[in-house]
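Let's take a walk through a protein model together. Have the sequence and the 3D view ready, and follow along at your own pace.

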Amino acid sequence: MQIKASALLKLIMIFTVSLGLFASWFVVRWYVGNTIAEYFHPDDRRLETAQMAVLLAPDDPLPHWSLGYLIQKEGPPDQISVAIAEYEKAVSLSPNDYRLWMDLGHALEQAGEFDKAEQALREAVKLAPSYAYPRWLLGNLLLRADRYTEAFVELRRASEADGEFQSQLFNLAWQVNKDDFEALKVAIGTTAEARAQFAKYLLVHGRFDEGLRLWDGLAEIEKRANRSAADSIIGSLIAAHRYHQAVEIWNEVAPGEAYRANFGHIIDRGFEDNVAHGLGAVFGWQVESASPVQIGIDAGMGHSGTRSLRILFQVRSHLDAINVSQLVPVQPNTQYDFECYVKTDKLVSAATPVVLIAEAATETNLANSEPAPTGNNNWQRIALSFKTSAKSEAIRIRISRSSCVDSPVCPIFGTVWYDDFDLKPRK
């Protein structure tokens, strides 16, 4: 009896060990197959390696997915059905993975099976409704099927989920609807942000009339809320020398009354308004210090008020430019009278600063002052007259300096103040 019990125990132990070894073999096979599929990059993997992964782990979706990808990417076109079969197997093993449905849909479209491709991509969207890429693929599929209304719903939602797709959405919308402005607006969406960005896109691409029309359709509060788009639009208009249109948009989003631009109006003419003087103030003073020239507002010196623009020179050799200017909108074919005031202290140089007035579009010089007087001088009036051209929309007032005659070395030392700039059309 004891002999029989002992024999039975040995059989149980042998069976248990065999079962464990058998199970371990399948676990190891699965692990090896999964590892091969996961860590071999598709560009480096050969077909035999991918097939080996499938053989080692036939019930793992990853090897089938990887093999399908490899066949679709590197195989001949007539093998697309084989890739589809691998994707379908992967989907059957992992039906909740949106990535598998996306690649299946892409392969089905490549094979010309559009209805099945749409079903697969809609399943991917259903599984990952907040992700951009499934919607983008579905939208493109619908677009190629000429189902534009449905297509742009998906493309628009993809761009809302991922801003990287927005410019592509705009490209597609323009290609499809450029002759139908209402359809164009629908394609890019009803939100103020989308329309502001699309207006910016159109102007950047030289579509000024359409872009401005879209921008004008926004409410005042929407325009202010999309200031960054407005700034880009203004920049595009100025680059195209459309200064009057730029003024209109600038005034719509200007941060305050002191920044508003008008024809023949110099913003912060006496430097008393405490406004910003930089690139953000498009039609205001553009002032930038650069060693060895210090440029800023002097709060204790003024011609008629208490403040003025001060330029302190400590230039021992060469000075490229004096970075002070203002862009001023003007009327064409109009005579203007300009004035400002200058004061100097210990100014020494063979070439002192001058005030220049030029056509903004062409940089053609319209008028320039005499050089600032050297030494110590109290406030002196500068008066200039000029006439704008028939196509002029803006002038640029600039503080400039000529180089010394016949000498590359042109030092300048001392301080210059400017104040009370004024511009009036001649009656």
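Keep in mind as you look around that this is a predicted model. A good place to begin is with two strands: strand 4 (residues 324-329) and strand 9 (residues 394-400) are joined by 6 bridges and run antiparallel. To see one of these pairings for yourself, find Val-324, whose bridge partner in strand 9 is Ile-399.

Now step back to the sheet around them. Strands 4 and 9 belong to an open sheet of 5 strands, with the order 1-4-9-6-7 and antiparallel pairing. Which strands stand at the edges? They are strand 1 (285-287) and strand 7 (365-368). Each has a single partner strand, so one side of each is left without a neighbour in the sheet. If you look across the sheet, you can follow its twist, which averages 20 degrees from one strand to the next.

Next, turn to a pair of helices. Helix 5 (residues 98-110) packs with helix 6 (residues 114-127) at an angle of about 160 degrees, and their axes are 8 Å apart. Angles over 145 degrees count as roughly antiparallel, and therefore helix 5 and helix 6 are roughly antiparallel to each other. Their crossing is left-handed.

What do the two helices use to meet? From helix 5 come residues including Tyr-98, Trp-101 and Leu-108, while helix 6 brings Phe-114, Ala-117 and Leu-127, among others. Taken together, the residues of this contact between helix 5 and helix 6 divide into 11 nonpolar, 1 polar and 3 charged.

Terms used:
Residues numbered from 1 in each chain as written. Predicted model: local features only at pLDDT ≥ 70, side-chain atom pairs only at ≥ 80, totals over all residues. Heavy atoms only, no water. Axes fitted to C-alpha atoms, helices over the stretch in contact; angles between N-to-C directions. Helix = DSSP H or I, 4+ residues; strand = E, 2+ residues; numbered from the N terminus. Parallel < 35°, antiparallel > 145°, perpendicular 65-115°, else oblique. Left-handed = near helix turned anticlockwise from the far one by under 90°. Contact = heavy atoms within 4.5 Å. Nonpolar A, V, L, I, M, F, W, Y, C, P; charged D, E, K, R; others polar. Pairing = 2+ DSSP bridges.
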